[in-house]
Amino acid sequence: MGELFRDNLGVILVAVVVLAILAFLLLKPRQRIRLTDSAPLRPHMTAKRDKPSGLAHEAVTVTNRVIGAPVSRQVPGGAEADDFLRLKGVGPRLSELIHARGFTRFEQLAHLTSHEVDRLDKQLGPFAGRIKRDQIVEQSAFLARGDVDGFEEHFGKL
């Protein structure tokens, strides 16, 4: 047995090294980049805030979440943005703040994760906490699918 081990020592060492490299590549932690709201804006970022881009709606929303660029109220394809004033607890100022963050459709609000809700809440200034408290995500889910009866059953008349 010892002689067999000595004869194959080179092969065993190569196999161990290959397995160690594979384990490192597969198990190494992934780098996660997170931008904070306190990060300073650079000149090229402020220029993008002045004029909306012509990107597809989804790309514009992602851009808005990353650098805070404004989004036009006109949704690509010629459709008007949803009226967030229909949501209970949302007034004109809160509606403007939500639109300014790139949200134009009830469907976008309905698909927010709890992490995204927390991030959006921090950006709403005096309206922080309103998205959870007023159940904006749940209300938006009903209106996104056109379920007015379900909305009125849970939240009252529109």
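**Entry 1: Arg145 and Phe142**

I started at Arg145, which lies over the face of Phe142, 4.6 Å from the centre of the ring. I note here that the model is a predicted one. I placed Phe142 in helix H9. Is Phe142 buried or exposed? I looked up its relative accessibility, found 12%, and put Phe142 down as buried, because the cut-off for buried is under 20%.

Next I listed what Phe142 touches, leaving out residues up to four places away in sequence. The list is Asp147, Gly150, Phe151, His154 and Phe155. I also checked Phe142 against Phe106, 36 residues away along the chain, and found their C-alpha atoms separated by 8.7 Å.

**Entry 2: Aromatic rings**

Two of the residues touched by Phe142 are Phe151 and Phe155, so I went on to the rings. How many aromatic pairs does a search of the whole structure find? I recorded three. I looked at the pair of Phe151 and Phe155, which is tilted, with 45 degrees between the planes and 5.3 Å centre to centre. Both residues sit in helix H10, four residues apart, or about one turn of the helix. I noted that Phe142, Phe151 and Phe155 make up one aromatic cluster. For Phe151 I read a relative accessibility of 0%, so I entered it as buried.

**Entry 3: Nonpolar core**

I then turned to the largest nonpolar core, which has 21 residues. Which members touch the most others? I wrote down Phe84, Leu87, Phe103, Leu109, Leu112, Leu124 and Ile131. The helices that each supply at least two residues of this core are H5 (92-100), H6 (106-110), H7 (114-122), H9 (136-144) and H10 (148-155). H9 gives the most, with four residues. As a general remark, nonpolar side chains in soluble globular proteins tend to be buried together.

I took Leu87 as one example from the core. Not counting residues up to four places away in sequence, Leu87 touches Phe106, Leu109, Ile136, Gln139, Ser140 and Leu143.

**Entry 4: Gln135**

I looked at the backbone in the loop between helix H8 (130-133) and H9, where Gln135 lies. Gln135 is not a glycine, yet its phi is positive, at about 55 degrees. Most residues other than glycine have a negative phi. I entered Gln135 as partly exposed, because its relative accessible area is 38%.

**Entry 5: The whole protein**

I counted 10 helices and zero strands. From the N terminus on, the elements run α-α-α-α-α-α-α-α-α-α. Of the 158 residues, 28% count as buried. I noted about 11,000 Å² of exposed area, of which carbon and sulfur atoms supply 59%. Among contacts with a separation of 6 or more, 45% come from residues 24 or more positions apart.

**Entry 6: Confidence**

Last, I looked up the pLDDT. The mean for the protein is 78, and 68% of the residues reach 70 or more. Where does pLDDT stay under 50? I marked residues 46-56, for which the model has 16 contacts beyond four places in sequence. I also marked residues 69-75, where the pLDDT is below 50 and the model has 28 contacts beyond near neighbours in sequence. I did not follow those contacts further, because predicted coordinates should not be read in detail where pLDDT is low.

Definitions and conventions
Residues are numbered from 1 along each chain as its sequence is written. This is a predicted model: local features need pLDDT of at least 70, side-chain atom pairs count only at pLDDT 80 or more; totals for chains, interfaces and linings use all residues. Side-chain values use heavy atoms; hydrogens and water are left out. A nonpolar core is a set of buried Ala, Val, Leu, Ile, Met, Phe, Trp, Tyr and Cys residues joined through side-chain atoms within 4.5 Å. Buried means under 20% relative accessible area, exposed over 50%, partly exposed in between (1.4 Å probe, protein chains only). Contact means heavy atoms within 4.5 Å. Rings of Phe, Tyr and Trp (its six-membered ring) pair if their centres lie within 6.5 Å; planes under 30 degrees apart count as stacked, over 60 as edge-to-face and the rest as tilted. A charge sits over a ring if NZ of Lys or CZ of Arg is within 6 Å of the ring centre and within 35 degrees of the ring normal. Accessible areas come from the Shrake-Rupley method with a 1.4 Å probe; for residues, only the protein chains shown count as cover. pLDDT is the predictor's confidence in each residue, from 0 to 100.
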